[in-house]
Amino acid sequence: MSVAETAPPPAVRGVDPDALLCPGCHETAVCAPPSGWPERAGARPEFSHRDGSVLCPDGRGRVPEPVEATS
Ligand SMILES: [Zn+2]
């Protein structure tokens, strides 16, 4: 007699998704994997530029996490 309930949406981590910036070029970053990410490159990043390109790598060639705009 139980009724299946839909799970609540995952909690937002207190970050405005419109306030994420690529730390390399300070363009807006979005919470979506980059398009055309090659499988051989390993796990896809969770974030990309708004045009779908991968965030600018840091000095070690690693894909960074976006930073939160503070303005
Ligand atoms: Zn960038």
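# A tour of a four-stranded chain

Start with the whole protein chain: its secondary structure comes to zero helices and four strands. Read from the N terminus, the elements run β-β-β-β. What you have open is a predicted model. Keep that in mind at every stop.

**Stop 1: colour by confidence**

Colour the chain by pLDDT. The average over the protein chain is 84. Of the residues, 79% score at least 70. Where pLDDT is low, the predicted coordinates should not be read in detail.

Now select strand 3, residues 48–49. Among the elements, strand 3 has the highest mean pLDDT, 96. Then select strand 4, residues 67–68. Strand 4 has the lowest mean among the elements, 91.

**Stop 2: the nonpolar core**

How many of the 71 residues count as buried, as a percentage? The figure is 11%.

Next, select Cys-22, Ala-29, Val-30, Phe-47, Leu-55 and Val-63. Together these six residues make up the largest nonpolar core. Show their side chains.

Stay with Val-63, a member of that core. Leave aside residues up to four places away in sequence. Val-63 then touches Pro-45, Val-54, Leu-55 and Pro-57. Leu-55 is also on the core list.

**Stop 3: the loop with His-26**

Select strand 1, residues 20–21, and strand 2, residues 29–30. The loop between them holds His-26. Is His-26 buried or exposed? His-26 counts as exposed, because it has 11 C-beta neighbours inside 10 Å, and the cut-off for exposed is 12 or fewer.

Check the backbone here too. The phi of His-26 is near 60°, a positive value in a residue other than glycine. Most residues other than glycine have a negative phi.

**Stop 4: from the start of the chain to its end**

Select Asp-16, in the segment before strand 1. Asp-16 is exposed, because 9 other C-beta atoms lie within 10 Å. Now add Glu-68 to the selection. Asp-16 and Glu-68 are 52 residues apart along the chain. Their C-alpha atoms are separated by 8.0 Å.

Move on to Ala-19, which also lies in the segment before strand 1. Ala-19 counts as partly exposed, because it has 14 C-beta neighbours inside 10 Å. Which residues does Ala-19 touch, not counting residues up to four places away in sequence? The answer is Glu-68 and Ala-69. Draw a C-alpha to C-alpha line from Ala-19 to Glu-68. The two are 49 residues apart in sequence, and the line spans 5.5 Å.

Now select Ala-69, in the segment after strand 4. Ala-69 counts as partly exposed, because it has 14 C-beta neighbours inside 10 Å. Leaving aside neighbours within four places in sequence, Ala-69 is in contact with Ala-19 and Leu-21. Bring His-26 back into view. The C-alpha atoms of Ala-69 and His-26 are separated by 8.9 Å, with their positions 43 residues apart along the chain.

**Stop 5: the loop after strand 2**

Select Ala-32, in the loop between strand 2 and strand 3. Ala-32 is partly exposed, because 15 other C-beta atoms lie within 10 Å. Then pick Val-54. Ala-32 and Val-54 are 22 residues apart in sequence. From C-alpha to C-alpha, they are 9.9 Å apart in space. Val-54 is also one of the residues that Val-63 touches.

**Last view: the whole chain**

Zoom out again. Take the contacts between residues at least 6 apart in sequence. Of these, 32% join residues at least 24 apart. The contact of Ala-19 with Glu-68 joins residues 49 apart in sequence.

Note on methods
Residues numbered from 1 in each chain as written. Predicted model: local features only at pLDDT ≥ 70, side-chain atom pairs only at ≥ 80, totals over all residues. Core = buried A, V, L, I, M, F, W, Y, C linked by C-beta atoms within 7 Å. Buried ≥ 20, exposed ≤ 12 C-beta atoms within 10 Å, placed from the backbone. Contact = placed C-beta atoms within 7 Å. Helix = DSSP H or I, 4+ residues; strand = E, 2+ residues; numbered from the N terminus. pLDDT = per-residue confidence, 0-100.
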